[in-house]
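This report is meant for a reader meeting the structure for the first time. It looks at how the parts of the chain fit together and then turns to a metal site.

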Amino acid sequence: MTDALHQAQQLLDFIDASPSPSHAVSVIVEKLLAFHFIPLDEKSKWDLQAGGRYFVVRDDSSIVIFVLGHQAIADSGFKIIGAHTDSPGLRIKPNISAGADGFFRLGVEVYGSPILATFADRDLSLAGRISYQDADGGVSRCLVNFDRPLLRLPNLAIHLNRGVNDDGLKLQKQMELPLLLARAVEGQLPQDYFLALLEQQTGIGKAAILSWELNAYDTQKGSLWGANSEFFSDSQLDNLASCDAALQALLDESVLQSDATLVCAFFDHEEIGSESKKGADGNFLPDVLMRIGYALEAEHEDVSRALANSFLISADMAHAYQPNFPNAYDADHKALVNNGPVIKVNASQRYSTESLSEAQFAQWCELENVPYQKYSHRCDLPCGTTIGPITSAKLGIRSVDVGNPLWAMHSIRESAGVLDHHYMIKVMRRFFTS
Ligand code: ZN
């Protein structure tokens with residue numbers, strides 16, 4: 001297997017083990033521990049050593065990872081890659097729907113902006129975390145993953161929805177999204193039925209279960225496809241592919257010996273605007289960087305100087321050109337799959353890129369012999385955004401928004417290019433070591 005195929009398979013394995021943002025962070029933590037990273041608790045005092053490897057998890061699903069360089073942070077700054085751990089989809093509501101016409105169904109909220117039609121007719125399962133009363137009378141939590149087809153959103157037959165191929169599949173969010181779980185059991189309340197399922201899966205008594213954060217996910221594993229296996233598909237490529245590229249770049253002994261301080265910051269809640277205590281618009285990353293300064297006994301001005309000397313790569317997927325829909329794109333800015341990472345530019349700063357950070361990223365690509373592309377959205381379509389502008393604004397750090405070309409962004413099954421993932425890892429490694 002070539003390097004690139006191996007790296008792509010590593011990404012798919014990561015995604016398939018990460019059916020929720022909390023699972024993604026727990027898989028990342030395992031990888032970090034294998035490289036001798038030390039967990040830090042936000043409630044404890046931090047004792048940091050130059051050359052040390054650390055990570056901080058906030059509320060299970062956001063993580064900041066850093067490797068302290070031997071150079072003073074005021075001089076070398078922080079080299080940061082930012083990305084997000086969450087993906088759009090369906091989140092289970094707290095109360096299970098009363099049995100409707102003989103079925104138990106799970107009511108859902110739409111999280112972010114998924115392409116809802118892609119959730120129909122898939123073998124869906126459930127994952128996330130539950131909180132429960134523990135033996136000491138406190139509240140504990142644990143991850144849960146059913147890991148088998150459990151739920152479904154069956155389409156209507158075409159005979160009952162004749163217009164579907166002309167009008168598209170439109171799902172009314174309140175009435176038409178609840179997921180089928182089981183035939184109703186006579187005399188059993190739906191809430192009780194669901195709690196019993198959770199008990200079976202986790203071993204925690206249903207009477208002790210107090211709350212949950214659960215999302216539906218597709219049980220189909222990632223796959224390589226195309227005549228030469230040059231593409232891959234999976235759920236959550238936006239944005240676990242960027243988290244994975246950053247990790248593959250970082251977790252290499254030669255990179256980890258860096259003189260500068262390297263940081264990876266992966267946030268939950270990007271798809272709903274980042275405004276939360278663990279989102280990019282919260283204080284998580286600023287607080288960690290500040291505490292690195294305190295622990296090193298840097299003066300306040302040193303931290304400001306460190307930020308001024310820092311650089312952020314905000315990595316999130318880009319819209320790949322789909323040749324069947326040429327009119328959806330600016331004809332001069334087509335991001336082609338397997339043609340290299342995309343630098344995203346937007347005059348309204350929906351992307352944080354400016355000409356200097358754009359040039360810097362382009363230069364790293366050239367030094368690595370990696371092709372790169374530039375993307376600008378159609379002027380007559382609203383442009384999405386990323387954690388880049390928020391993080392860059394909060395910290396005053398120069399930043400570039402980049403990402404690999406992705407087909408079907410926010411579908412339950414997205415796809416992208418094997419070579420692009422390889423290229424992105426190479427450029428990120430160059431960033432960390434330059
Ligand atoms: Zn994204």
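## The interface between the domains

In this predicted model, domain 1 and domain 2 bury about 1,600 Å² between them, and 54% of that area lies on carbon and sulfur atoms. The contact involves 22 residues of domain 1 and 21 residues of domain 2.

Three salt bridges are counted between domain 1 and domain 2. On the side of domain 1 that touches domain 2, the residues divide into six nonpolar, eight polar and eight charged. Across the interface of the two domains there are also eight residue pairs in polar contact, with both residues of each pair at pLDDT 80 or more.

## How the chain is divided

The domain assignment gives domain 1 as two stretches, 2-87 and 235-433, and domain 2 as residues 89-218. The C-alpha centres of domain 1 and domain 2 are 31 Å apart.

A salt bridge joins the side chains of Asp59 and Arg129, with a distance of 3.0 Å from N to O.

## The zinc site

The zinc ion has as its protein donors His84 through NE2, Asp238 through OD, and Asp316 through OD twice, at 2.0 to 2.6 Å from the ion. Along the sequence, the donor residues follow the spacing H-x153-D-x77-D.

The arrangement around the zinc ion is irregular because the four donor atoms subtend angles of 53 to 140°, whereas tetrahedral donors would all have to lie between 85 and 135 degrees.

Definitions and conventions. Residues numbered from 1 in each chain as written. Predicted model: local features only at pLDDT ≥ 70, side-chain atom pairs only at ≥ 80, totals over all residues. Heavy atoms only, no water. Domains from an automatic or database assignment. Contact = heavy atoms within 4.5 Å. Buried area = accessible area lost by both parts, 1.4 Å probe. Salt bridge = Lys/Arg side-chain N within 4 Å of Asp/Glu carboxyl O. Polar contact = N/O pair within 3.5 Å; in protein donor to acceptor, adjacent residues only side chain to side chain. Nonpolar A, V, L, I, M, F, W, Y, C, P; charged D, E, K, R; others polar. Donors = N, O, S within 2.8 Å, 3.2 Å for Na, K, Ca; no water. Tetrahedral: all angles 85-135°; square planar, octahedral: opposite > 155°, others 65-115°.
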